[in-house]
Amino acid sequence: MKKALFIVVGLVILALGAALVVPGFINWNDYKSEITARAQEATGRRLAIDGDIGFTILPTPALQVSRLRLANMKGASAPEMVTIGKLEVDVALIPLLSGEIQIKRVRVPKPVISIEVSADGKANYDFSTGGSSSSSDSEGSTDLSLDSLVIEDAKLSYIDAKSGTNQTVEGLSAKLSAGSLQGPFKATGRLTARQLTTTFDLTTGALN
């Protein structure tokens, strides 16, 4: 999950840097190759951006990216681990002046997420063996907070080839927040599984 947050941070930093230099003359789609290269360096997975990238600096920095696909691990049943139709990121402007990145809101409507564990126990959400060590170092030095991550009406599948588990969750809507990349974390929301709808409210402390 830290790797995924790092990708979002990288997108924001890249867009902000370009916007502050020549704000009115940027074709954001020209940066696709650099963004996807950084994502693959951080995760070891291919990130495809099939839609457009947009950025506004006022009244608050905001990034919009459409039609993203993050590749799954080798041997997984689904070709993509995550498919997102639209990603919206709003950043607080004032903290940027002191080098802090305060993400006010990330909105992800109707993503399709595939969580999978292979027969040998390898999980597709474990990016520790895929990304470079330099990406991990960058994560540790990033002063980042996340006020709100809003997931709307997601479809989540879970396959564990080792235990033979195969489940699908639909209508997953959640709001998550993080004080930093290391936590603490809070999540609230609802989901439907096996025709039963349930709500959840989870809180965790900081990670070591």
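**Exercise 1. Which side chains meet in a salt bridge with a distance of 3.1 Å, N to O?**

Before solving, note that this is a predicted model, in which local features need pLDDT of at least 70, side-chain atom pairs count only at pLDDT 80 or more, and totals for chains, interfaces and linings use all residues. Residues are numbered from 1 along each chain as its sequence is written, and side-chain values use heavy atoms, with hydrogens and water left out.

Solution. Step one is the criterion: a salt bridge is a side-chain nitrogen of Lys or Arg within 4 Å of a carboxyl oxygen of Asp or Glu. Step two is the pair, which is Glu80 and Arg69, whose side chains meet at 3.1 Å, N to O. Step three places the partners, with helices (H or I, at least four residues) and strands (E, at least two) taken as DSSP runs numbered from the N terminus. Glu80 belongs to strand β4 (residues 80-91) and Arg69 to strand β3 (residues 62-71), so the salt bridge ties together parts that are 11 residues apart in sequence. Step four concerns accessibility, where buried means under 20% relative accessible area, exposed over 50%, and partly exposed in between (1.4 Å probe, protein chains only). Arg69, at 23%, counts as partly exposed.

**Exercise 2. Place the salt bridge of Lys186 and Asp201 in the fold, and state how exposed each partner is.**

Solution. The side chains of Lys186 and Asp201 meet at 3.0 Å, N to O. Lys186 is in strand β9 (residues 185-193) while Asp201 is in strand β10 (residues 196-204), so this pair links parts that lie 15 residues apart in sequence. As for accessibility, Lys186 is partly exposed at 37%, whereas Asp201 is exposed at 53%. Elsewhere, salt bridges that share partners join Lys86, Glu88, Asp90, Arg105, Arg107 and Glu152 into one network. The structure holds 9 salt bridges.

**Exercise 3. Describe helix α2 by its span, its buried residues and its salt bridge.**

Solution. Begin with the span, for which the expected value is 1.5 Å times one less than the number of residues. For the 12 residues of α2 this gives 16 Å, and the end C-alpha atoms are 16 Å apart, which agrees. Next come the buried residues of α2, which are Ile35, Thr36, Ala39, Ala42 and Thr43. Viewed down the axis of α2, these buried residues fall within an arc of 125 degrees (taken from the directions from the helix axis to the C-beta atoms), so they line one face of the helix. The general background is that an α-helix has 3.6 residues a turn, so residues three or four places apart point the same way.

The salt bridge joins the side chains of Arg38 and Glu34 at 3.2 Å, N to O. Both residues lie in α2 (residues 32-43), 4 residues apart, about one turn of the helix. Arg38 is partly exposed at 39%, and Glu34 is likewise partly exposed at 33%. Just after α2, Gly44 takes a positive phi of about 80 degrees.

**Exercise 4. Describe the surroundings of the loop residue Asn72.**

Solution. Asn72 sits in the loop between β3 and β4, and with a relative accessible area of 9% Asn72 is buried. Its side chain makes a polar contact with the side chain of Asn124 at 3.0 Å; a polar contact is a pair of N or O atoms within 3.5 Å, where within protein one must be able to donate a hydrogen and the other to accept it, and residues adjacent in sequence count only if both atoms are side-chain atoms. Contact in the wider sense means heavy atoms within 4.5 Å. Leaving aside neighbours within four places in sequence, the residues in contact with Asn72 include Arg45, Glu80, Ser114 and Asn124.

**Exercise 5. Find the residues other than glycine that have a positive phi, taking Arg67 and Asp153 as cases.**

Solution. Arg67 has a positive phi of about 60 degrees although it is not a glycine; Arg67 lies in strand β3 and is partly exposed at 49%. Asp153, also not a glycine, has a positive phi of about 55 degrees; Asp153 is placed in strand β7 (residues 144-160) and is partly exposed at 39%.
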